[in-house]
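Welcome, and please take a moment with the structure shown here. The report that follows walks through its sheet, its helix packing and two individual residues.

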Amino acid sequence: VGPRCAAALVTCSAILFAGFMWMGLTRPSMSLHIDLPLLYSVRPDLADLKALLEYMQVDKLLQNQVSVWESIVSLAGWSAQGDVNSAIALFLYAGWAVLLPVIDMCLILAAAFLKLREGSREEAGMWTARAMKLSRNLSKLSMLDVSVMGSMIVVASLRTLREKGVIVEVCLGAVFLLVAEICHYVAAGIAHVAFAAPAPAREVPKSLSVGSASSTNPGFDCEESCGGSEDSASSPSEP
């Protein structure tokens, strides 16, 4: 893939990543609600309280949808009140699961544009290599994929509650985040193949080169030594 084609693909992936990332952060990722008819069938003793539960609108009180952005705002509020656990969760979730993938995508996009300017500016190649090296390190720390898979695992583990009338589901926001992470993977893969600096050629020491030459040509040293001995024998000795 040429630099221009790779830069175009990386740019398209970055635009899709930004759009899906924004929709994934603002749309609900998980939902919780109560299925009262199913709850009555599982718990017949609650049928006598049906009128009271419907009057109190328990199903609406226990219905909730949460997005990543709402979670970050709530964690920030609890952290400001002195909750240490919320501060740790805010650092891990907002920092490693949200901020690091965005920074990594910005580095990949910057490397793509710097690669196009290598012919006009000498330092562009150096900055491209540095951006790709930093991107490679940040990609090992970003946890957006871990966050999405964790949400799906939590929902799958709570499927047993569905039989009791408690429904926990994955919403569209988690799907958008998953698509955003796929775009991130595509951009990183293209960039690491097209913009990676070639491995520097290793210089062979002269001793090794002479040794290799003598090993490949066994008569190399013998000819020189024989020639040297013949010259010494043919030269008359001084009195």
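Which residue in β3 does L32 stand opposite? The residue facing L32 is V168 in β3. Keep in mind throughout that this is a predicted model.

## The chain at a glance

Let us begin with the overall layout. The chain holds 11 helices and 3 strands. Following the sequence, you will meet them in the pattern α-β-α-α-α-β-α-α-α-α-β-α-α-α.

Two chain-wide figures are handy to have. Of the 239 residues in the chain, 28% are buried. If you take the contacts between residues at least 6 apart in sequence, 81% of them join residues at least 24 apart.

## The sheet

The strands form an open sheet of 3, arranged in the order β2-β1-β3 and paired in the antiparallel sense. Because β2 (64-67) and β3 (166-170) each have a single partner strand, they stand at the edges, and one side of each is left without a neighbour in the sheet. On average, neighbouring strands here are turned by 15° against each other, direction ignored. As general background, the strands of a sheet pair through backbone hydrogen bonds, either parallel or antiparallel.

Strand β1 spans residues 28-34 and pairs with β3 over 5 bridges, in the antiparallel sense. The pairing of β1 with β2 is also antiparallel, with 4 bridges. S31 is a good residue to click on: its bridge partner in β2 is Q65, and in β3 it stands opposite E169. L32, as noted at the start, stands opposite V168 in β3.

## A helix across the sheet

Helix α9 covers residues 172-194 and lies across β1 and β3, running at about 155° to β1. Helix α9 also packs with α8, their axes coming within 9 Å and crossing at roughly 150°. With angles over 145 degrees counted as roughly antiparallel, α8 and α9 are therefore roughly antiparallel to each other. Their crossing is left-handed.

On the α8 side, this contact is made by L144, D145, V148 and M152, which meet A174, L177, L178, E181 and Y185 in α9. Sorted by class, the contact of α8 with α9 has 7 nonpolar residues, no polar ones and 2 charged ones.

## Helix α6 and its partners

Helix α6 (residues 84-116) packs with helix α1 (residues 3-26) at an angle of about 160°, the two axes lying 9 Å apart. That angle makes α1 roughly antiparallel to α6. The way α1 passes α6 is a left-handed crossing. Residues of α1 in this contact include A7, V10, F17, M21 and L25, while those of α6 include V98, V102, I108, L109 and F113. In total, the contact of α1 with α6 divides into 17 nonpolar, 2 polar and 2 charged residues.

Helix α6 also meets α9: the axes come within 10 Å and cross at roughly 35°, again in a left-handed crossing. Here P101, D104, M105, I108 and K115 in α6 meet C183, H184, A187, A188, A191 and A194 in α9. By class, this contact of α6 with α9 has 8 nonpolar, 1 polar and 2 charged residues. Comparing the lists, you will find P101, M105, I108 and K115 of α6 in the contact with α1 as well as in the contact with α9.

## Two residues to inspect

Is S151 buried or exposed? S151 lies in helix α8 (residues 144-157). Its relative accessible area is 18%; the cut-off for buried is under 20%, so S151 counts as buried. Not counting residues up to four places away in sequence, S151 touches M30 and V170. M30 falls within β1, residues 28-34, and V170 within β3, residues 166-170.

W96 has its place in helix α6. With a relative accessible area of 27%, W96 is partly exposed. Which residues does W96 contact, leaving aside its neighbours within four places in sequence? They are F91, P101, L141, S142, M143 and L144. The pair W96 and S142 is a nice one to display: they are 46 residues apart in sequence, yet 5.2 Å apart in space, C-alpha to C-alpha. L144, another contact of W96, also takes part in the contact of α8 with α9.

Notes:
Residues are numbered from 1 along each chain as its sequence is written. This is a predicted model: local features need pLDDT of at least 70, side-chain atom pairs count only at pLDDT 80 or more; totals for chains, interfaces and linings use all residues. Side-chain values use heavy atoms; hydrogens and water are left out. Two strands pair if DSSP finds at least two bridges between them. Helices (H or I, at least four residues) and strands (E, at least two) are DSSP runs, numbered from the N terminus. Axes are lines fitted to C-alpha atoms, for helices over the stretch in contact, and angles run from 0 to 180 degrees between N-to-C directions. Contact means heavy atoms within 4.5 Å. Angles under 35 degrees count as roughly parallel, over 145 as roughly antiparallel, 65 to 115 as roughly perpendicular and the rest as oblique. A crossing is left-handed if the near helix is turned anticlockwise from the far one by less than a right angle, and right-handed if clockwise. Ala, Val, Leu, Ile, Met, Phe, Trp, Tyr, Cys and Pro count as nonpolar, Asp, Glu, Lys and Arg as charged, and the others, Gly among them, as polar. Buried means under 20% relative accessible area, exposed over 50%, partly exposed in between (1.4 Å probe, protein chains only).
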